[in-house]
Amino acid sequence: QTGSANTNPSDSADDEYITNVSIGTPAQVLPLDFDTGSSDLWVFSSETPKSSASGHVTYSPSKSSTAKKLSGASWSITYGDHSSSSGDVYTDKVTVGGFSVSSQAVESATKVSTQFVQDTVISGLLGLGFDVGNTVKPRAQKTWFSNAANSLAQPLFTADLKHQQTGSYNFGFIDTTLAKGPIGYTPADGSEGYWGFTATGYSVGGAKLNRNSITGIADTGTTLLLLDDDVVNAYYNNVESAQYDDSQQGVVFDCSEDLPSFSFGVGGTTITIPGSLINLTPVSDGSSTCFGGLQSSADIGINIFGDVALKAALVVFDLGNERLGWAQK
Ligand SMILES: Cc1cc(CN)n(C)n1
């Protein structure tokens, strides 16, 4: 068995990717942010304060004949961008891309932070990280993918995110036609709940890869490519108008600049992010100053290969072999 779901950029800056998920009986379809950097499936619901839920599609367990309250369970999560949510837990049927898990923990939000209230294009997150990262107490719950894995043709999924186009999350199979190059595999470290891996080196503008390894996580729920300052500086030293903008909290440059590519080595292959993908968006509508897709990870303490990097590749999240595969697109 397999599953295949389309995923779409939420806005002109590819800030996040939206994938529709069916929950309950009859199906309630909610747009969720699939996040390999976390391990909770949580939704705006009939239990979310009306003022917070305004504008969001919500899940009503009382309207689902297959919903069951998970007695005594609660959850609470805070993300790297300081957004947060919390609530109680139901189990229900959850279908993604035509593949159903009959009893999935669906975490219902009784509290959501302002960033989520304002982000009306999504109704929650579907975590695709390792189960160890799940926040439900007193007993941690499995992710949708973890519940599905043993029934899928192969215990893996792929992410094919695209710039301003429809991409896909495929479950149980690898569609190699989505890639131009070979798949390079490297061990994945799931001990912290993330898909951790090490890139063997990097280069700017098509130069030969150096041997400065970069350890980080493959995170579909983070917009940017966030790396150490020495890497960020090595890149923007090649961008004449680049400067750090305090108000934007990041490096900006003239939108008219032709940006160099950024490449990293992984699993014996090289992934090259074209400069065009690193010119993310004007700092505000109509501005000729643009915000960089590559920014510093210094304040976070972990390197994050977010959507800017993932858009350049077909990425295989192989739970069965605890490895990550990267192929140039
Ligand atoms: C809501 C959300 C998810 C993520 C990535 N794991 N971030 C940084 N924020």
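**Warm-up**

Is Arg-323 buried, exposed or partly exposed? Arg-323 counts as partly exposed, because its relative accessibility is 28%. Here buried means under 20% relative accessible area, exposed over 50%, and partly exposed in between, with a 1.4 Å probe and protein chains only. The partner of Arg-323 in a salt bridge is Asp-318, with the closest N and O atoms 2.8 Å apart. Asp-318 is buried, with a relative accessible area of 2%.

Before going on, note that this is a predicted model: local features need pLDDT of at least 70, side-chain atom pairs count only at pLDDT 80 or more, and totals for chains, interfaces and linings use all residues. Residues are numbered from 1 along each chain as its sequence is written, and side-chain values use heavy atoms, leaving out hydrogens and water.

**Exercise 1. Work out how Asp-14 is placed and what its side chain meets.**

Step 1: find the residue. Asp-14 sits in the loop between strand S1 (3-9) and S2. Helices (H or I, at least four residues) and strands (E, at least two) are DSSP runs, numbered from the N terminus.

Step 2: check the backbone. Asp-14 has a positive phi of about 50° although it is not a glycine. Most residues other than glycine have a negative phi.

Step 3: check the side chain. Asp-14 meets Lys-311 in a salt bridge, 2.7 Å from N to O. The term stands for a side-chain nitrogen of Lys or Arg within 4 Å of a carboxyl oxygen of Asp or Glu. The two residues are 297 residues apart, with Lys-311 in the loop between helix H6 (307-310) and strand S24 (313-318).

Step 4: check burial. Asp-14 is buried at 0% relative accessible area, and Lys-311 counts as buried at 6%.

**Exercise 2. Describe the surroundings of Thr-223.**

Step 1: Thr-223 lies in the loop between S14 and S15, and it counts as buried at 16% relative accessibility.

Step 2: list its contacts (heavy atoms within 4.5 Å). Leaving aside residues up to four places away in sequence, Thr-223 touches several residues, including Ala-13, Asp-14, Leu-280 and Val-308.

Step 3: look for a polar partner. The Thr-223 side chain reaches the backbone oxygen of Asp-15 at 2.5 Å.

**Exercise 3. Lay out the five-stranded sheet and name its edges.**

Step 1: the order in this open sheet is S12-S14-S23-S15-S22, with mixed pairing. Two strands pair if DSSP finds at least two bridges between them.

Step 2: S12 (196-199) and S22 (294-296) each have a single partner strand, so one side of each is left without a neighbour in the sheet.

Step 3: zoom in on one pair. S15 (residues 225-227) and S23 (residues 303-305) run antiparallel and are joined by two bridges. Leu-225 stands opposite Phe-305 in S23.

**Exercise 4. Find the cis peptide bonds at Pro-26 and Pro-138.**

Step 1: the bond from Thr-25 to Pro-26 is cis, with omega near -10°. Pro-26 is in the loop between strand S2 (17-23) and strand S3 (28-35).

Step 2: the bond from Lys-137 to Pro-138 is also cis, with omega near 0°. Pro-138 is in the loop between strand S8 (124-127) and helix H3 (144-149).

Step 3: for context, most peptide bonds are trans.

Conventions: A polar contact is a pair of N or O atoms within 3.5 Å; within protein, one must be able to donate a hydrogen and the other to accept it, and residues adjacent in sequence count only if both atoms are side-chain atoms.
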